[in-house]
Amino acid sequence: MKHTFWPAFIDVVKRDVVPALGCTEPVSVALASAMAVNKLNINYQNITAINVQVSANLMKNGMGVTVPGTGMVGLEIAAAAGAVAGDSNAQLEVLKNLTANDVAIAKNMLDQKMVTVSVANVSNILYSKVTIFSADRSASVTIADSHTHVLAIEEDGITTYIADPQPTSTATKSITSNPFIDASAQDIFDFATQAPLADIAFIKQAYQLNNDLSIEGLEGNYGLQVGATFKRSMERGLLAGGLLTDVLLRTAAASDARMGGAMKPAMSNSGSGNQGIAATMPVVVVAEFINADDEQLIRALMLSHLMAIYIKSYQNKLSALCGATTASMGAVAGMTWLLGGDIKQISAAINSMIGDIAGMICDGAKTSCAMKVSSSAGSAVKSALMALDGIGVTGNEGIVAHDVDSTIRNLSMLANGSMTQTDVQILDIMINK
């Protein structure tokens, strides 16, 4: 019976674990911009104006994050760069071919006030509509509900494409498109540890991409240099080496590079590069620490990424709950298994993490996300080690339930319920500070 879930599990991982260059919210705007230019079949010299409308959540995540290759933050430069040099066929790597000359042209568009960005009055959590104007024509591309899902296309004011209706409410989404509706953490564990290796070996690309990004973060001067700060502190004798320090250092470094605009893709998870990093790098460090073989690494990464998707699947795509925390709950599953833990100990570790860091807010994408990534990774190490010793937060404490699946749903009720007002307050503070 359990094998009936396996094809769906493979499909959802292939869908939700994909390469992404830069923070996925501004990249989604860049993608819509590139697609609109393609519809007009013009080059940047013919563009007279770019109008961007986004949901409040997308505005929050696009205001303060560096757009890869530009050295600038914000949705304006993302839209302009996408229009000038975006490769619409590259999806979340739309800006991979950006050159210094392209950036100069895009910046000139901003100097000439050609790009406007506003918050749209829409119910979609994730929404961007980019309209490109030339002298006598216009084209609009609307992306909504996921970072690459084209909802509609308009050419010269006429709708030429509209996608099939997508469920927008969490309840409807759970019934119609959640592959985990009848599955459990046990099913995910069984799949990751028992599925034919050839069927899941593709997940190793997550190690390759995110480890390269981690190395980049340690070698360059990106963002807040959280990972590099740990490394320098070790060299000064202020921090000791070891498993915990290595997990914090290498995970944070990858986030530093990503949020600091490095021109290297992250392997994302659930539409977020930081979530992909958080689900990957702690597992990689533990695998290296115990000298795991290739199969162990692949199975641990699959367990981590699929568990992260499972936990996130019951939450809104964007919310006031920091996604790095839920992705790290996936990582704790992979880490605990590598260290000899079983499903009971994995469940205890996830429960402990929810008892520890539930409620960490997301106040937009920015360089300090690397600090939240490292904090979540630290909680994962702590929770894994406690679980191996038979210790963990119990169902008698807070929002934690006696079984892990119920605890995950309790966390999601918090994210989708009262924290929606938290999200409104966060955006208000960010816009008016």
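## Helix H2 and the residue after it

Asn 41 follows directly after H2 and takes a positive phi of about 55 degrees. The model is predicted, and the values here are computed from it.

H2 covers residues 24-40. Its 17 residues should span 24 Å at 1.5 Å a residue. The end C-alpha atoms are 24 Å apart, so the expected and modelled spans agree. The surroundings of H2 are also clear: 15 of its 17 residues are buried, so H2 is largely enclosed by the rest of the structure.

## H11 against H16

Two packed helices are described by the angle between their axes and the distance between the axes. For H11 (residues 243-259) and H16 (residues 369-388), the angle is about 155 degrees and the axes lie 8 Å apart. Angles over 145 degrees count as roughly antiparallel, and H11 and H16 are therefore roughly antiparallel to each other. The crossing of H11 past H16 is right-handed.

Which residues of H11 meet H16? On the H11 side they are Leu 244, Val 247, Leu 248, Thr 251, Ala 252, Ser 255, Asp 256 and Met 259. Their partners in H16 are Cys 369, Ala 370, Val 373, Ser 374, Ala 377, Gly 378 and Val 381. By class, the residues of this contact between H11 and H16 comprise 10 nonpolar, four polar and one charged. An α-helix has 3.6 residues a turn, so residues three or four places apart point the same way.

## Positive phi on either side of H12

Ser 270 sits in the loop between strand E10 (266-267) and helix H12 (273-289). Its phi is near 55 degrees, a positive value in a residue other than glycine. Is Ser 270 buried or exposed? With a relative accessible area of 6%, Ser 270 is buried, because the cut-off for buried is under 20%.

Asn 291 belongs to the loop between H12 and helix H13 (294-312). Here too phi is positive in a residue other than glycine, near 60 degrees. Asn 291 has 68% relative accessibility and so counts as exposed. Thus the loop before H12 holds a positive-phi residue that is buried, whereas the loop after H12 holds one that is exposed.

## Asp 190 and Leu 303

Asp 190 is part of helix H7 (residues 185-194). This residue is buried, at 10% relative accessible area.

How far apart are the C-alpha atoms of Asp 190 and Leu 303? The separation is 9.1 Å, although Asp 190 and Leu 303 are 113 residues apart along the chain.

Methods: Residues numbered from 1 in each chain as written. Predicted model: local features only at pLDDT ≥ 70, side-chain atom pairs only at ≥ 80, totals over all residues. Heavy atoms only, no water. Axes fitted to C-alpha atoms, helices over the stretch in contact; angles between N-to-C directions. Helix = DSSP H or I, 4+ residues; strand = E, 2+ residues; numbered from the N terminus. Parallel < 35°, antiparallel > 145°, perpendicular 65-115°, else oblique. Left-handed = near helix turned anticlockwise from the far one by under 90°. Contact = heavy atoms within 4.5 Å. Nonpolar A, V, L, I, M, F, W, Y, C, P; charged D, E, K, R; others polar. Buried < 20%, exposed > 50% of the residue type's maximum accessible area, 1.4 Å probe, protein only. Expected span 1.5 Å × (residues − 1).
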